[in-house]
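The following exercises concern one protein structure. Please study the sequence and the model before reading each solution.

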Amino acid sequence: MSIQLSGTSLSEFAVIQYPGLVKDIDKMLSTLGGITKVSQALEGDTKSLELRYHYENPFNKSVCGEINKRAGLLLSIKVRRSKKDRSKPPQYKVDILGYTNTGFTFESMCDFQYLPLLPDNENKRELKMVMHSVMPQSVIDLDFFNRTEVPLITVPTVFARNDNVHDNIFRGDFSKEDGQHEVLGVCQKSSYENRDIVPFSTVDSFPARPDPQIIKRMKVKYVSDEQFEKVKKLFEECPVWTRIALLYESGISKDKLKCIIPSMAYYFSTGPWRTMYVRYGYDPRKDFSSRYYQTFDFRLRFRSGIAEFVSDRKTSIKKRQKNPYEINTLVQDIDYPYFDEHKLPRSRQCILRYCDIRMPKIQEMLEKIPSPLAGATCNERTGWLPSGFDSQVRQIVSNVIKDLLKNHYRKEHIHAELESCENTGQEAEDDEGAVSDEGVPDDFMNDDNIEEILDDMQIEEEEIN
C-alpha cells in the first residue's frame, strides 16, 4: 500500500455529520438553508447550523448542529485487482486530499415534525398539502386575508422543553433488599434515605429499632467505637437532640455523625418535635417531660439595626472561613447550639429545643406548666405546651435582644463622646453635654430614640408551623 499527497498544499474541509441518507446533495443543502447558511455557521456568524427536513415548512422543529473541533483527514483509496489472476492480492493506493479541523454534529431530537396535511375533498383516503391555504404566499397576497373558509390547523407553541436527550438511569426499588446484594459506592442510598424520617402522628407508632444494614454502612465509613460510644452516651442522657447540639457536644465531624445518628435515632419531619432526632424506643407522646425538647423555631426578620451583627448561617460560615480570628463578642458562635441571655442569636433562624434557651424566666415557665389530667393526649400542633406558649417565649426573647442592642448602642455613643472630648483637648466635665456620674450623657438616647434606631428590626412573632 502506497500513501502520497495529492498536491503540494492540502485543502481544508469542514465535516457535516448529516443525520440521514444523502441521495441528492442539492436537496441535502436545502435542508440546511443552502450553502450561505453553512458558510455563516462556519465563519461564526451564527451559533449553530439548523437542519429542517422540510425547510419551507415553518410547522416543524429544527435540529441544531453544534460546531466542534475535530481533527481528521480526507482520504482517496483506490483498490486495484488483477483480472487475470484472482488469487493475486489487491493493491491499495491512498491519496490525502485534505484535512479538517471543524465539524457539525446533530445530537438533538428531531421527532417533533408537523405537516399541514388535510384529507383531499375528492379522495378522502389521500392527504393533501394545504400550505397555500394556511399561509400567505407573499406580502401582497391580500386575497388570503379575505378568505372566509380557512382550514383549522393548530400547532403547539413549544415542541419540547429540551433539545438534548437525557439518558437518566433510574434506580430500582431497594425497599425489599435483604442485604445479600448490597452495592456500595455511587449506588448507595443517600444520607436522607439512611435515616427514618417520620411525620408526627397521634395514632401511628414510631420506629423502635434501626435498620440492620446501618451497622454495615458505619463499618464502611470507618466509624470508631469511641465515636459511637460518645453519641450513644448523649442519647442515654437525653432522648431528643438537634443536629447542631450533637455536633457541639460530641466533637465528631459531620461525616461521621451522619453515619452514626441513623443507628440510634429517627427524625421528625413535622409536629411539635420537628427537625429533632429522637432515640429509638422513646415516644415523646407518652412522656410529659418531653415538653422541654419541643422545637422552638426562632426567626429574625429585619432590615437594619440587628442586621449589622446577625446574618444567615451560610454567610456567617463564609465570614468565619475568610477571617477565622475575627470574633464578635456580642453574637453567639455559629456552632453554639444554645441561646444565652447576654448574647445575640447565632443566625437569622435558630432551631432550638426549649431546654436550649438558657433564660431562667423561660425555664421557670416550663416548670410551672401543670401536669395533664389522666387520659390526656399530646396535641398534634402544640405538643405538651399550652396554646400561645411559643408566642410568649418569642416575645421574651425579642425583648432580650432589644435590650442588648440598646445597651450596645449606648456604650458606642459614650465611647464616641469620650474620644471626641480627648481629641479636642477639653475636659468632658466642662461640656454642656457632660457625662453624668453613671457615665451616660444627660441628653443621650431615651427610650424613644432607641426605638427609632430599632424601628426597622422586626421580630417575627407569628407561629412557625
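R299 is partly exposed, with a relative accessible area of 28%; here buried means under 20% relative accessible area, exposed over 50%, and partly exposed in between (1.4 Å probe, protein chains only). The model is predicted: local features need pLDDT of at least 70 and side-chain atom pairs count only at pLDDT 80 or more, while totals for chains, interfaces and linings use all residues. Residues are numbered from 1 along each chain as its sequence is written, and side-chain values use heavy atoms, with hydrogens and water left out.

**Exercise 1.** Describe the salt bridge between D297 and R299.

Solution.
- Step 1: a salt bridge requires a side-chain nitrogen of Lys or Arg within 4 Å of a carboxyl oxygen of Asp or Glu.
- Step 2: for D297 and R299, the N to O distance is 3.0 Å.
- Step 3: D297, at 4% relative accessibility, is buried, whereas R299 is partly exposed.

**Exercise 2.** Describe the salt bridge of E364 with K368, and state which residues are joined into one network.

Solution.
- Step 1: the closest N and O atoms of E364 and K368 are 3.0 Å apart.
- Step 2: E364 is partly exposed at 42% relative accessibility, and K368 is exposed at 59%.
- Step 3: R274, D297 and R299 form one network through salt bridges that share partners.
- Step 4: the structure holds seven salt bridges.

**Exercise 3.** Determine which side chains of strand β3 are buried.

Solution.
- Step 1: strands are DSSP runs (E, at least two residues), numbered from the N terminus; β3 covers residues 48-51.
- Step 2: in a regular strand the side chains alternate between the two faces of the sheet.
- Step 3: L49 and L51 point to one face and are buried, while S48 and E50 point to the other and are not.
- Step 4: E50 is partly exposed, at 34%, and its side chain meets that of R52 in a salt bridge (3.8 Å, N to O).
- Step 5: β3 runs antiparallel to β4 (residues 63-80), joined by four bridges, and S48 has E66 as its bridge partner there.

**Exercise 4.** Explain why β8 and β9 each have one side without a neighbour in the sheet.

Solution.
- Step 1: two strands pair if DSSP finds at least two bridges between them.
- Step 2: the open sheet of four strands has the order β8-β10-β11-β9, with mixed pairing.
- Step 3: β8 (197-198) and β9 (240-241) stand at the edges with a single partner strand each, so one side of each lacks a neighbour.
- Step 4: two bridges join β9 to the antiparallel strand β11 (residues 277-279), where Y277 stands opposite W241.
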